[in-house]
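Colleague: Before I use this model, I would like to go through the terms applied to its ligand site and its enclosed space. Please give the reason behind each one.

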Amino acid sequence: MSALAELYREIENCQDCGLAKCRIRVVPGEGAENAELFFIGEAPGWHEDQQGRPFVGPAGQFLEQLLASIDLQREQVYIANVIKCRPPQNRDPLPVEIEACRKWLDRQIELIRPKMIITLGRYSLARYFPDDSIGKIHGKARKIGDTIYYPMYHPAAALHQGSLRRIIEADMLKIPELLAQGGKIAEATAALKPLNQVQGQGKQLSLF
Ligand code: URA
């Protein structure tokens, strides 16, 4: 069994928070084991809970359109959520649930080793940049070590608030260039003032 398959098995058996009691299916995440892009959403919704797969409802359809705009299919990237089980009535995830689930996403990222982590919405943003607001830093990449972090609005936000649609589409279109320029960006930012600290990593961040 591959390390990723073993991890999925562990996640599917997780009972570490109260959501285990109300879920239909665990939604570990899915995608290419060698994905360069790793998208992190918030939490499974109704459709995801039914199918055990991330982003398969309306927000997922929009995410697939966004990926198509940069010539990618969902199978070529990795898609996961901050928490792996649906909160009842799609309420916001609780801090205790996010904390209980943190280890799973950490291990997924360790195994996939993506070049770029794209946070979708405020919960995945807060995992890396707790002091920043999405309105200010969406579409601005930061690099820590070898990984580019790129905050975007959640696709569902664009479905509820039409004016965000063009913003999220424009942010997505910047990804190929950022990916291609990864090495160059690292050199260019070395001299910039550090803006923040990543939780638990203790490394300096640079904005570019
Ligand atoms: N919204 C999310 O954040 N994740 C999903 O998987 C679906 C909708």
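The exchange below takes the ligand, then the pocket, then the cavity.

Modeller: Keep in mind that this is a predicted model.

Colleague: What makes a residue count as one of those around the ligand, and which are they?

Modeller: A residue qualifies if one of its heavy atoms lies within 4 Å of the molecule. The residues that do so are Gly41, Glu42, Ala43, Glu48, Pro54, Phe55, Asn81 and His154. By class, this shell has three nonpolar, three polar and two charged residues.

Colleague: Why is the pair between glutamate 42 and the ligand called a polar contact?

Modeller: A polar contact is a pair of N or O atoms within 3.5 Å. A backbone N or O atom of glutamate 42 lies 2.7 Å from an oxygen atom of the ligand, so the pair meets that cut-off.

Colleague: What about alanine 43 and histidine 154?

Modeller: For alanine 43, a backbone N or O atom is 3.1 Å from a nitrogen atom of the ligand. For histidine 154, the atom belongs to the side chain, and its distance from a ligand oxygen is 2.7 Å. Both pairs therefore count under the limit of 3.5 Å. As for cover, the ligand on its own has 240 Å² of accessible area, and the protein covers 91% of that.

Colleague: How do you know that the ligand sits in a pocket?

Modeller: The test is that more than half of the molecule's atoms lie within 2 Å of the grid points. The ligand passes this test for the largest pocket, so it is said to sit there.

Colleague: What lines the largest pocket?

Modeller: The lining has 26 residues, with Glu42, Ala43, Ala59, His154 and Ala156 nearest the centre. Two or more residues each come from α3 (46–51), α4 (58–68), α6 (122–128) and α8 (155–160). The largest share, four residues, is from α8. The space in this pocket is about 640 Å³, and its lining divides into 13 nonpolar, eight polar and five charged residues.

Colleague: Why is the other space called a cavity and not a pocket?

Modeller: In a cavity a 1.4 Å probe fits but cannot get out, whereas a pocket is an open set of points. The structure holds one cavity of 30 Å³ or more. The largest cavity has about 110 Å³ of space, so it passes that size limit.

Colleague: Which residues line the largest cavity?

Modeller: There are 15, and Cys14, Cys17, Cys85, Cys101 and Trp104 lie nearest its centre. The elements giving two or more are α2 (19–22) and α5 (95–112), and α5 gives the most, four residues. This lining has eleven nonpolar, no polar and four charged residues.

Note on methods. Residues are numbered from 1 along each chain as its sequence is written. This is a predicted model: local features need pLDDT of at least 70, side-chain atom pairs count only at pLDDT 80 or more; totals for chains, interfaces and linings use all residues. Side-chain values use heavy atoms; hydrogens and water are left out. A polar contact is a pair of N or O atoms within 3.5 Å; within protein, one must be able to donate a hydrogen and the other to accept it, and residues adjacent in sequence count only if both atoms are side-chain atoms. Accessible areas come from the Shrake-Rupley method with a 1.4 Å probe; for residues, only the protein chains shown count as cover. On a 1 Å grid over the protein atoms alone, a cavity is a set of points where a 1.4 Å probe fits but cannot get out, and a pocket is an open set with protein on both sides within 12 Å along at least five of seven lines; lining residues have an atom within 4 Å of a point. Ala, Val, Leu, Ile, Met, Phe, Trp, Tyr, Cys and Pro count as nonpolar, Asp, Glu, Lys and Arg as charged, and the others, Gly among them, as polar. Grid points are joined across faces, edges and corners, and a volume is the space filled by probe spheres set on the points.
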